[in-house]
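Below are some remarks for a colleague who has the sequence and the coordinates open. They are set out as numbered points and are best read with the model in view.

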Protein chains: 6
Amino acid sequence: AYSSTKEESTGRPVGRYPVPNKKDMPYDIVELMEEVEMKTGFLPNVFKAMSHRPAEFRAFFAYYNAIMNKDTGRLSKADKELIIVATSVVNRCPYCVVAHGALHRIYSKQPALADQVIVNWKLADLSDRDLAMLEFALAVCRADNITEEHFQKLERHGFDREDAWDIGMISAFFAMSNRIAHYVDLRPNKEFYTMGRTP
Amino acid sequence: AYSSTKEESTGRPVGRYPVPNKKDMPYDIVELMEEVEMKTGFLPNVFKAMSHRPAEFRAFFAYYNAIMNKDTGRLSKADKELIIVATSVVNRCPYCVVAHGALHRIYSKQPALADQVIVNWKLADLSDRDLAMLEFALAVCRADNITEEHFQKLERHGFDREDAWDIGMISAFFAMSNRIAHYVDLRPNKEFYTMGRTP
Amino acid sequence: AYSSTKEESTGRPVGRYPVPNKKDMPYDIVELMEEVEMKTGFLPNVFKAMSHRPAEFRAFFAYYNAIMNKDTGRLSKADKELIIVATSVVNRCPYCVVAHGALHRIYSKQPALADQVIVNWKLADLSDRDLAMLEFALAVCRADNITEEHFQKLERHGFDREDAWDIGMISAFFAMSNRIAHYVDLRPNKEFYTMGRTP
Amino acid sequence: AYSSTKEESTGRPVGRYPVPNKKDMPYDIVELMEEVEMKTGFLPNVFKAMSHRPAEFRAFFAYYNAIMNKDTGRLSKADKELIIVATSVVNRCPYCVVAHGALHRIYSKQPALADQVIVNWKLADLSDRDLAMLEFALAVCRADNITEEHFQKLERHGFDREDAWDIGMISAFFAMSNRIAHYVDLRPNKEFYTMGRTP
Amino acid sequence: AYSSTKEESTGRPVGRYPVPNKKDMPYDIVELMEEVEMKTGFLPNVFKAMSHRPAEFRAFFAYYNAIMNKDTGRLSKADKELIIVATSVVNRCPYCVVAHGALHRIYSKQPALADQVIVNWKLADLSDRDLAMLEFALAVCRADNITEEHFQKLERHGFDREDAWDIGMISAFFAMSNRIAHYVDLRPNKEFYTMGRTP
Amino acid sequence: AYSSTKEESTGRPVGRYPVPNKKDMPYDIVELMEEVEMKTGFLPNVFKAMSHRPAEFRAFFAYYNAIMNKDTGRLSKADKELIIVATSVVNRCPYCVVAHGALHRIYSKQPALADQVIVNWKLADLSDRDLAMLEFALAVCRADNITEEHFQKLERHGFDREDAWDIGMISAFFAMSNRIAHYVDLRPNKEFYTMGRTP
């Protein structure tokens, strides 16, 4: 039957598409899910929702891994989460804003910053470097024409062209993720709302 | 030296980032490029541009392959290209509009239709089914909230929820691609402008 | 000297205008501040910022009191805070979103709801009644023409014309407050970020 | 019965909410109305409309009085009316544009200027000082982030930070008034259309 | 010398381009100007401004005449002026709004109506027929796609397809005129502001 | 009977209004049509559609002729077509974009340029002069206020004030034409899609 799957703890659906039973999932997907669940303490709903399409699950998380877990470049883990929060707000994506807001709090140890960026990034307590980083990410998010001036502005804050690619790629990847989340009606796990709020 | 690479035939740069020499590329990337070049008659610039980042090249084309070459669902090759053209126009992406407009002409054998969709999709010579498909794709493209009404409207034109996922995923993937194309300054190969214009 | 006043606990300015020393303030203003501080546990920055102009301080809080503390009508304290959060997000007002988000958590005992409304009110876990209430509040917030259809829609969810006035007036009053907060550069007290997050 | 009250002279309703009979109004409200009527020659509809809620009537006009009739600062009576006209046009508020356009004509003795500002303030016959004043007022009206550059631009035209507060507060107060006028459906008295047109 | 020409009575320039001396103008243009001046009592600035280009002067006024002075169809003179006012407001064109607002007052004998339409056409004291007429005119003004529904809505208010053409053509012609007025910086004669205000 | 007229070759309607039979048309209109058909090889649909209104047909093409075929000024035939393409895209006008894109290809002998401008004029292979020309044309197209800075920017690229008028007038005339095309539902002749694509 075509019905969406509910989160065990809340009875709320994970999203609009059915999630297969673990025993019907390909082994590599189960393995990745168990690894993530172990590390995070719970399984973020995006894994459940994407498991509806195993080939796309693999492509999505391989891509995510290639850009979020690469260890070159000047972007810290907190920087990457900040980019995701700021751009996902533009697309009003509940899952991405709430989940990556939580991850930002954990990586940055600045529990109020994501909340500030969600309301008004230009008025948040950010360094000039971080403002420049978000300005570039948001230009990519809006699909603006990206000109040499954009790159030069980043350079003035210490980001070279490889960093620009990293910022742009994260913004572009979440332009995709936010839209998937919308048609899947992906909702954040309740754990994300409170994670990292207290030191 | 940090300089962009030019297209051999025109002397115009492929994009903003340097493209490695073939001999410095990983073997699997060269192999994929040669296969594509053989099939298409030339190597589309997106392959050159993405080869700047081999891990992301692999992730990008694996994802592309998973959604564009899957053989389930009701979307024809021409349908998929039409979705790409209609959504890439919103993001004013020269590469995606021109390249996928060419592919649409070839697959659909309707040489004027992509040009019509580029100017004004609602006034193009499209069936109600195709209008409904583009309406959904464009709602995802704009990151609108996607509601049950959206799915019901698709169903009235013969698209089930799996087709909706396919339409949504292509729109979402090209939301990403359009934005990558912007920061990479990816330009279409000159061949695309004339492909498929005459029967 | 013309310099802004810092929050004692953080060294961050309260806003852009100087705040007088308590001893230079009119007695009625000091009295109100002490009453609020006693009740809340700290003095919300809006009181400090507005004390720069005693006559406007009195007018502002008299008006606030007339609409927020009236005891007729169907709007609960949580309803009123929800209206403020939803409309202040449109104006990207850090103080009002953060402070009234905190008050909403406290009055509603639903710690995640304000966060959901901040990202995307239409996708938040709200009843149809609450959606109708916010729809009217947001139409007023955007200075839309308000028609009989707006009132009829409210009536279908149990709100009569007096309730409509209450919703509209709160939305209108915070249209003013959000704009004052912008030119005053009013920032939320740090206490608001965490208030009411845990039951 | 719940029906709106008509203007005596035209039979047109004053607004959407009933206006109490004078004999049922609190004495202070009657007194203020009579004073205004004596001075203006007729009773502006905003007084009638707000009398539906005596507590809010008092708060509204006390606030109005505190900002419009203060006698410090560099804003003339005509300046204040110009700010109201320019910002109320943005919110398409018939009452505020027509009534305060009339007051501007009377105070400024420039009978065409308000009409020009209503169509296109940037092309109106305004001094650079007045353009700077309206630019700030309109930034507040749009709920833009207000930065140091905004204040510096005002300073170059002779407005200090206290004047900036005055401009901002009038813009903010009418952001509220315009929205109240919309849900109350407040219409201008017919007298306003012709007041001050001839010297 | 390349300088703009001033209005005799005010010393204000008519627009940005020089106006030839009467003795250097082609005879047919002088003749038309004298006829208009006789009828109106003064020469509207649009005639002066367009005389800078005699061939375009002739084409412009021939077109104007063909659509404004045709004597078939259901549009009264007042209807046509109302369409011009409502659409020229969208383009914030000082000349067209002020001049045709004056003409509307004269033809309609309703001195307040144009002022109402300038602020907010949907709240003006208009019949349903007039609202339908303006709705169509504004759809053309915004270059919306015009569908069968648009024509059907007009038909329900007694306008057939020939009337629709008339409404659309006036809206389209003033889409041109407003833009010419912008680059010419055409300003209204001072007489227009007061014409037709008193019966 | 009130029915639209179909293109002979395709059976598709020319537009929404009936086209008279040649024998019922005034002689001067037939003459002009035959001249155009001889020169172009087919009769562009705009001639057929406008013949529904002979007086407006004459005014429209006289105006068109006065601005498109004048032989003074710095605008080449290709420049004029480029302006039409770039501005008609903003109004999403199928006829004007497709027909004038074809004419641009023919006059410019650059078969890809119009296609580039249609997608994203700022990223097209244009000279700085051409970018400045389009920037002015698009400011007029959007009905922006046109200031001295606009003229000075044109001057820096060799365009004097008379050229500015020419650019502005073409943009303004097609602001009208695009809107007529919308309510007439004017569709391009099929010949335009392929004209000038191959050298």
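1. I begin with a single residue of chain D, bearing in mind throughout that this is a predicted model. D:D79 is found in helix 4 of chain D, the helix that runs over residues 77–90, and with a relative accessible area of 7% it is buried, since the cut-off for that label is under 20%. When residues up to four places away in sequence are set aside, D:D79 touches D:R74, D:R129, D:D130 and D:M133.

2. A second buried position in chain D is D:S108, whose relative accessible area is 17% and whose place is in helix 5, residues 94–108. D:S108 and D:E34 are separated by 74 residues in sequence, and their C-alpha atoms lie 26 Å apart in space.

3. In chain B I would point to B:R161, which lies in helix 9, residues 161–184. At 15% relative accessibility B:R161 counts as buried, because the label applies under 20%. Its C-alpha atom is 6.9 Å from that of B:F151, a residue 10 positions away in sequence.

4. Two backbone positions deserve a look on account of their phi angles. E:A143 has a positive phi, near 60°, in a residue other than glycine; this alanine is found in the loop between helix 7 (128–141) and helix 8 (148–156) of chain E, and it is buried, with a relative accessible area of 1%. F:D185, which is not a glycine either, has a positive phi of about 60°, and its place is in the segment after helix 9 (161–184) of chain F.

5. How many helices and strands make up the secondary structure of chain A? The count comes to 9 helices and 0 strands, and along the sequence the chain reads as α-α-α-α-α-α-α-α-α. The radius of gyration of chain A is 17 Å, close to the 16 Å given by the globule rule for 199 residues, so the chain is as compact as a globular protein of that length. Along its principal axes, the C-alpha trace of chain A spans about 55 × 35 × 30 Å.

6. Further totals describe the interior and the surface of chain A. Of its 199 residues, 59% count as buried, and among the contacts in chain A with a separation of 6 or more, 64% are accounted for by residues 24 or more positions apart. The accessible surface of chain A comes to about 8000 Å², and 53% of that area belongs to carbon and sulfur atoms. Chain A carries 26 positive and 27 negative side chains, and the centres of these two sets lie 5 Å apart.

7. Helix 5 of chain A, residues 94–108, should span 21 Å for its 15 residues at 1.5 Å a residue, and its end C-alpha atoms are indeed 21 Å apart, which agrees. The helix is mostly covered, with 12 of its 15 residues buried; among them are A:Y95, A:H100, A:H104 and A:R105. What covers these buried residues includes helix 2 (45–50), helix 3 (54–68), helix 4 (77–90), helix 6 (113–120) and helix 9 (161–184) of chain A, together with helix 6 (113–120) of chain C. The residue that follows helix 5 of chain A is A:K109, whose phi is positive, near 55°.

8. What does helix 5 of chain E pack against? Its buried residues pack against helix 6 (113–120) of chain D, and within chain E against helix 2 (45–50), helix 3 (54–68), helix 4 (77–90), helix 6 (113–120) and helix 9 (161–184). Because 12 of its 15 residues are buried, this helix is largely enclosed by the rest of the structure; the buried residues include E:P94, E:C96, E:G101 and E:S108. For the 15 residues of this helix (residues 94–108), the expected span of 21 Å agrees with the 21 Å between its end C-alpha atoms. E:K109 follows helix 5 of chain E and has a positive phi, near 55°.

9. Lastly, two pairs of chains should not be read as interfaces. No contact joins chain A and chain E, whose closest C-alpha atoms lie 24 Å apart. Chain B and chain D are likewise joined by no contact, and their closest C-alpha atoms lie 24 Å apart.

Note on methods
Residues are numbered from 1 along each chain as its sequence is written. Chains are lettered from A and ligands numbered from 1 in the order in which they are written. This is a predicted model: local features need pLDDT of at least 70, side-chain atom pairs count only at pLDDT 80 or more; totals for chains, interfaces and linings use all residues. Side-chain values use heavy atoms; hydrogens and water are left out. Contact means heavy atoms within 4.5 Å. Helices (H or I, at least four residues) and strands (E, at least two) are DSSP runs, numbered from the N terminus. The expected span of a helix is 1.5 Å times one less than its number of residues. Buried means under 20% relative accessible area, exposed over 50%, partly exposed in between (1.4 Å probe, protein chains only). The radius of gyration is taken over C-alpha atoms; the globule rule is 2.2 Å times the number of residues to the power 0.38. Accessible areas come from the Shrake-Rupley method with a 1.4 Å probe; for residues, only the protein chains shown count as cover. Lys and Arg count as positive and Asp and Glu as negative; His and the chain ends are not counted. The place of a charge is taken as NZ of Lys, CZ of Arg, CG of Asp or CD of Glu.
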